[in-house]
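Open the model in your viewer and keep the sequence panel in sight. The stops below say what to select and what is found there.

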Amino acid sequence: MEKGNKESKKWGFILLSVQAHLSQLKPPKCNPLINQSSCEEAKGFKAIIFFTALYLVALGSGCVKPNMIAHGADQFSHQSHPKQSKRLSSYFNAAYFAFSIGELIALSLLVWIQTHSGMDVGFGVSAAAMTMGLISLVSGTTYFRNKRPRRSIFTPIAQVVVAAILKRKLASPSDPKMLNGGHRVTSDVVHSSTLPYTPRLRFLDKACTKIQDTNTKESPWRLCTVTQVEQVKTLISLVPVLASTIVFDTILAFSVQQGSSMNTRLSNSFHIPPASLQAIPYIMLIFLVPLYDSLFVPFARKLTGHSSGIPPLTRIGVGLFLSTFSMVSAAFLEKKRRYSSVIDGRILSIFWITPQFLIFGISEMFTAVGLIEFFYKQTTMGMESFLMSLTYCSYSFGFYFSSVLVSIVNKITSTSADSKGWLGENDLNKDRLDLFYWLLAVLSLLNFISYLFWSRWNVKSLRNNNSNVVGDEKI
């Protein structure tokens, strides 16, 4: 699976490189800043090549990260063992550290190459990097612990939903052992072949309730096992946790807006390109993640006794809470930047943005890694890669919600025909980005309160079953 994803991404970059190099495959050059009407739109074969390349890159990018993380975590045997559990926790931190380095290189070195040597060379370097990654992956194939693919994960889920609907009027037994497969559910470890019964979302229990006084064998679409039902319960319970990260990722979309209107010159001969401003949080992360894993985690383990230092759910909550302060810092800075630019005629240095990026870097380190670890430890029956992919879907939802939020805010704050709203002028000296950051801070705080409710519900539902493990969450 991983090899196919890397291959898809590689060919996408190759197509983009070829199209950027050959004038026959792209529209004539133009400058939209001078005369936008003179720019021709790519049509026909040129458009087909472009969108095919983009979709190949998107397909590869969307599959590589979740599959690579899940595949790497699968290499740890006996994950319930304390020593292996500690190594697994360190692995998630190391994986995120590696991704941060990749993002930093892409937003700095590749931007420099594309600026000075052209887009075709930049895409060619990306294709070469993917080829090297593919060779590295293939060279270790014989040493990997591979999990054989099972049947579709969607079929058992659909069976539970259908069976629960068909038996919606059937009364569920009070004793879980009377459910189909209930007598075999003896393990309390999530990664075993069976899942323990939990009293949450009891309407789904009807899917594994047997019809009394009949010896007729029921269809899998009418009678499911407790493990199937618990699998669906787990997926449903993860949705609110995942939804809580969408607002967080929306904040990520606006975290670099101020930098474009600040003094990015670091010396007389060097300044940060606008496209590289997004690299600043990742510079923070490549320092923060190793410090977190080598200093904070061992100290926290002594206090909590948890293999990850702090439980993944707690880690997510800390990150979501800190993101509020990142926006508060951004709001104060934007007010100062706007005043300095409009009133004093002075442009602030990009270094003023450091505090909010530091807070946001710490926030992302807690939230992103905690979410990956929590989701992985909730999975069973070969669903690891599927749930890992859901964690990256929150990025897409977050950036989409950011555009929707801007449209809504501009519509509400447009008080007259001449006013385009807080962010409608496309000029930060005229827009009210500071007020928008305060709005994001409020949304972030409300999102954190919502997360507290759903995370407590997640834990409480298993506490009622006297379970000691909730995806490695000690209760």
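For a pair of helices, angles under 35 degrees count as roughly parallel, over 145 as roughly antiparallel, 65 to 115 as roughly perpendicular and the rest as oblique. The angles run from 0 to 180 degrees between N-to-C directions, and the axes are lines fitted to C-alpha atoms, for helices over the stretch in contact. Helices (H or I, at least four residues) and strands (E, at least two) are DSSP runs numbered from the N terminus.

This is a predicted model, in which local features need pLDDT of at least 70 and side-chain atom pairs count only at pLDDT 80 or more, while totals for chains, interfaces and linings use all residues. Residues are numbered from 1 along each chain as its sequence is written, and side-chain values use heavy atoms, with hydrogens and water left out.

**Whole chain**

Start with a cartoon view. The protein has 11 helices and 0 strands. Of its 475 residues, 46% are buried, where buried means under 20% relative accessible area, exposed over 50%, and partly exposed in between (1.4 Å probe, protein chains only). Among contacts with a separation of 6 or more, 77% join residues 24 or more positions apart; a contact means heavy atoms within 4.5 Å.

**H2 and H10**

Select residues 45–73, which are helix H2, and residues 384–413, which are helix H10. Their axes come within 8 Å and cross at roughly 135°, so H2 and H10 are oblique to each other. H2 passes H10 in a right-handed crossing. A crossing is right-handed if the near helix is turned clockwise from the far one by less than a right angle, and left-handed if anticlockwise. To see the contact, show Lys 65, Pro 66, Asn 67, Ile 69 and Ala 70 of H2 with Glu 384, Ser 385, Met 388, Ser 389 and Tyr 392 of H10. The residues of this contact of H2 with H10 divide into 5 nonpolar, 3 polar and 2 charged. Ala, Val, Leu, Ile, Met, Phe, Trp, Tyr, Cys and Pro count as nonpolar, Asp, Glu, Lys and Arg as charged, and the others, Gly among them, as polar.

**H9 and H10**

Keep H10 and add H9, residues 354–378. H9 and H10 pack at an angle of about 150°, with their axes 8 Å apart. That makes H9 roughly antiparallel to H10, and H9 passes H10 in a right-handed crossing. On the H9 side, the residues to show are Glu 364, Ala 368, Leu 371, Ile 372, Phe 375 and Tyr 376. They meet Glu 384, Leu 387, Met 388, Leu 390, Thr 391, Tyr 392 and Tyr 395 in H10. By class, the contact of H9 with H10 has 10 nonpolar, 1 polar and 2 charged residues.

**H8 and H9**

Now hide H10 and select H8, residues 312–342. The axes of H8 and H9 come within 7 Å and cross at roughly 155°, so H8 and H9 are roughly antiparallel to each other. The crossing of H8 and H9 is left-handed. The contact of H8 with H9 has 18 nonpolar, 8 polar and 2 charged residues.

Stay on H8 and pick Arg 337, which lies in this helix. Is Arg 337 buried or exposed? At 2% relative accessibility, Arg 337 counts as buried. Leaving aside neighbours within four places in sequence, Arg 337 is in contact with Gln 258, Ser 261, Met 262, Leu 348, Leu 428 and Asn 429.

**The core**

A nonpolar core is a set of buried Ala, Val, Leu, Ile, Met, Phe, Trp, Tyr and Cys residues joined through side-chain atoms within 4.5 Å. The largest nonpolar core has 87 residues, of which Tyr 91, Phe 92, Phe 375, Phe 436 and Tyr 437 touch the most other members. Apart from it lies another core, of 8 residues, including Ala 20, Phe 123, Ala 127 and Met 130. Return to Phe 92: not counting residues up to four places away in sequence, Phe 92 touches Ile 69, Ala 73, Val 369, Ile 372, Glu 373 and Tyr 376.

**The loop between H5 and H6**

Select the loop between helix H5 (154–166) and helix H6 (226–253), where Leu 201 is found. Leu 201 has a positive phi of about 50° although it is not a glycine. At 19% relative accessibility, Leu 201 counts as buried. Met 178 is in the loop between H5 and H6 too, and at 47% relative accessibility Met 178 counts as partly exposed. The C-alpha atoms of Met 178 and Thr 209 are separated by 7.8 Å.
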